[in-house]
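Reader: Could you pick one part of this and give me a close look at it? I'd like the strands and helices tied together, and then a shorter look at whatever sits alongside.

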Amino acid sequence: MAAGGSGIFVSLLPIRSQEACVQLLCPSDMSLPYLILVTGKGGTGKSSVAAALALALSNRGKTVLADLDQRRTAAGLLGAEFDAPGHFPAIANLEVRSFTPRAELETFIERIVPIKVISRRMLRSHTFGYVTAALPGLEAFLMLERLRLLADEAAARNGFAVIDAPASGSAIELLSVPQGVRDLAPSGTLNRLARAVDDFLRDPRRFGVLVTARPEHLAIREASEALATLRDKLRIGYVAVVLNGVSDPLLSGSDCVKIHRLAAHRRLALQRQATCELAARAHRQFQETGVEVIELPMLYTAEFARPQIATLAGALDQLVQEE
Amino acid sequence: MSAALDLAARRLVICLGPGGVGKTTIGAALALEAALGGRTVDVMTIDPAPRLLDTLGLQIQPATPHDVPLTTLKPRGRGRLRALRLDPKRTFDRLIERYAPSSAARDAILGDRIYRGLSATLAGVAEYMAAEQLLDLRREGASDLIVLDTPPAHEAVDFLDAPRRMLELLSSRALALLGASREMARGPLGIFDFAARAVLAAFDRLTGLHLLSDVQAFVRSLEGMYAGFAERAAQVQALIREPATMMVLVATAEPQRIDQTREFVSSLNRLGLRPGALIINRVMPPLPGLQEIQHARLAAPLKRKLRRNLADFSALKAREGPWLERLHELTPEDVPMLMAEDLGREPDTLRDLVRIARSLRVAG
């Protein structure tokens, strides 16, 4: 894939390469995917990025911010209180939702067993839990079907959906399910369903994945591996990396030499310098493999809440405007 | 200085915690410190960072215990550290090989498409396999302390509960439902089981997958192995309850860890267990003073930059405060909360691990 394979994320960035310019001339590349899934290693800021992206997108259209674990971490960062799911009174155009594989399974079962008393009791029985666990990928498959519907809803009202997804390992497992189902069932209804979900995942207008990383070796490595799997193995149409927590260098190498007497301060300066260098190297490395990089600044603030998320949303928005 | 975490009477330390908090690092640091103190230690890691793998010499030999050379570190006793890496799939395969009633049954299971999917996806398989490998290590008896890192848990204490759930699955009516013999499954089938069977049949019809018949065949082939599984599961349950076993809960001072840690504590509680310690990983060490900058003979612009750098790091340090307080509040009263120093970078040498262990004041 050429540099700039994921067109829209090119548009989030200052344009650098010729190829990217050519890509941007193509009108289909001018819009963000309707549904964007945010994943990454634990502790790399998935929820912050999801919250900031949803906040930025809510300025352009009705946006759903959803999670798959019912923790509502991203929405919590925006300062939302949750007595009931649904609208965010404080933010126009932003709706919070929570999906779980379990709830999707329940919906499915209730559709098949319309007698509520039986379907409810059944769902509560341990037996049933094990049976569904033994059917590989059923819950995950139903979850992806839900995401497909969510993207369609977003498309219909010209809005967006942002998913605060589980860590990259689990997210890749989830996204691999259609492939697994297709291998298991080479033909028939399920194969057809799996193909529909696969088409959705590979359609850059409907689906995209943002992988978050921090300037740390392990996080960068995990992000590279995740990106390679998403793009080359799962053939996801839109993938990009968000390099989160990138600080300004502040002190130069020669500054660090001058302060050799202040050992503790020098250590802090060097620590900052090391993360800057690592971020720069990671940026280059991602670009060399043709992956778009979105950089978000390190916020040196004592609090990390709604105002900081708004700052990050502003940074994302600005990248869009620059384009 | 007295030890904050004394492992002398322990034979097994299990590190639990949500993904991304550094369970592997903490486990390796505890194991190394105990080995330097003279004990014979096995550290079993599940999902180690590549650099930590290098440090522990595990890059080449993944699944067999591997000696970590301690000579560069001035051990205080005649200790020894072995590291090994868990491979759930391989352990499951070995288990099938061990307990399958015949070689034909073994080959049937190992080649089964459901087994291949199941051994990777069934909730608790990785956890159960960690427990299996743990029992193997114990039986081998080459070490007097085992430090175990657990898989990143989706559901609080998956690892500790996995053997019981696996056993429950094997003795459950689910198996009868799926076609195993009634002797194997306990209890009669109720109306809801028949409803479940109807759903599965509907699913099969809908999908044209004939998955149900495959699941049934697989379950039947597992039948002969029940006794072996049950015995192992009971052993693991007994082992985690021994007084010489310590559960260490690992967290970080970040907002999303509060709820996760609270869930871990309460699900341990539900199992009748309590952590021996809560370790907060990557806590920033105290920062240097502003006076040092004021008094230094440096150009004013450089001083300004240094002041800003200090202010930036101070803000991050201040960010930790409330979360540490919240973690402290949810720690049971008689459980010590210990803080592991943030090195400002990822630990990648044995020396780094020693530094982390020292910040915890561990005694082997």
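Author: Chain B has 15 helices and ten strands, where helices (H or I, at least four residues) and strands (E, at least two) are DSSP runs numbered from the N terminus. Keep in mind that this is a predicted model, in which local features need pLDDT of at least 70, side-chain atom pairs count only at pLDDT 80 or more, and totals for chains, interfaces and linings use all residues. As for labels, residues are numbered from 1 along each chain as its sequence is written, while chains are lettered from A and ligands numbered from 1 in the order in which they are written.

Let's make the chain B sheet our part. It's an open sheet of eight strands with mixed pairing, and the order reads β4-β5-β3-β6-β2-β7-β8-β9 in chain B. Pairing here takes at least two bridges found by DSSP between two strands. At the edges you'll find β4 (66–67) and β9 (337–341) of chain B, each pairing on one side only. Further in, β7 (residues 245–252) and β8 (residues 277–283) of chain B run parallel, joined by five bridges. If you want a spot to zoom in on, B:Val250 stands opposite B:Ile279 in β8(B).

Now for the helices that lie over those strands. Helix α1 (residues 23–36) of chain B lies across β2 (12–16), β3 (40–45), β5 (80–85), β6 (145–149), β7, β8 and β9 of chain B. Against β3(B), α1(B) runs at about 170 degrees; such angles go from 0 to 180 degrees between N-to-C directions, with axes fitted as lines to C-alpha atoms, for helices over the stretch in contact. Helix α12 (residues 255–270) of chain B lies across β2 and β7 of chain B, at about 165 degrees to β7(B).

Each of those two helices also has a helix partner. Two packed helices are described by the angle between their axes and the distance between the axes. For α1(B) and helix α15 (residues 350–360) of chain B, that's about 90 degrees, with the axes 8 Å apart. The two are therefore roughly perpendicular to each other, given that under 35 degrees counts as roughly parallel, over 145 as roughly antiparallel, 65 to 115 as roughly perpendicular and the rest as oblique. On the α1(B) side the meeting residues include B:Ala28, B:Ala29 and B:Leu32, and on the α15(B) side they include B:Leu353, B:Val354 and B:Ala357. A contact means that two C-beta atoms, placed from the backbone, lie within 7 Å.

With α12(B) the angle is another story. Helix α14 (residues 300–330) of chain B packs against α12(B) at about 10 degrees, axes 10 Å apart, so α12(B) and α14(B) are roughly parallel to each other. Here B:Pro255, B:Ile258, B:Thr261, B:Arg262 and B:Val265 in α12(B) meet B:Trp323, B:Arg326, B:Leu327 and B:Leu330 in α14(B).

Zooming out, 45% of the 364 residues in chain B are buried. Buried means 20 or more other C-beta atoms within 10 Å of a residue's own, exposed means 12 or fewer, and partly exposed is in between, with C-beta atoms placed from the backbone. Of the chain B contacts with a separation of 6 or more, 76% link residues 24 or more positions apart.

Then there's the neighbour. Chain A has 14 helices and eight strands, and 47% of its 323 residues count as buried. The largest nonpolar core has 79 residues, of which A:Leu53, A:Leu65, A:Val162 and A:Val241 touch the most other members; a core is a set of buried Ala, Val, Leu, Ile, Met, Phe, Trp, Tyr and Cys residues joined through C-beta atoms within 7 Å. Apart from it lies another core, of 66 residues, and this one takes us back to chain B: B:Val41, B:Leu86, B:Val265 and B:Ile280 are among its members.

A good strand to look at in chain A is β1 (residues 35–40), where six of six residues are buried. A:Leu35, A:Leu37 and A:Thr39 cover one side, and A:Ile36, A:Val38 and A:Gly40 the other. Six bridges join β1(A) to β6 (residues 207–213) of chain A, and the two run parallel, with A:Val38 opposite A:Leu210.
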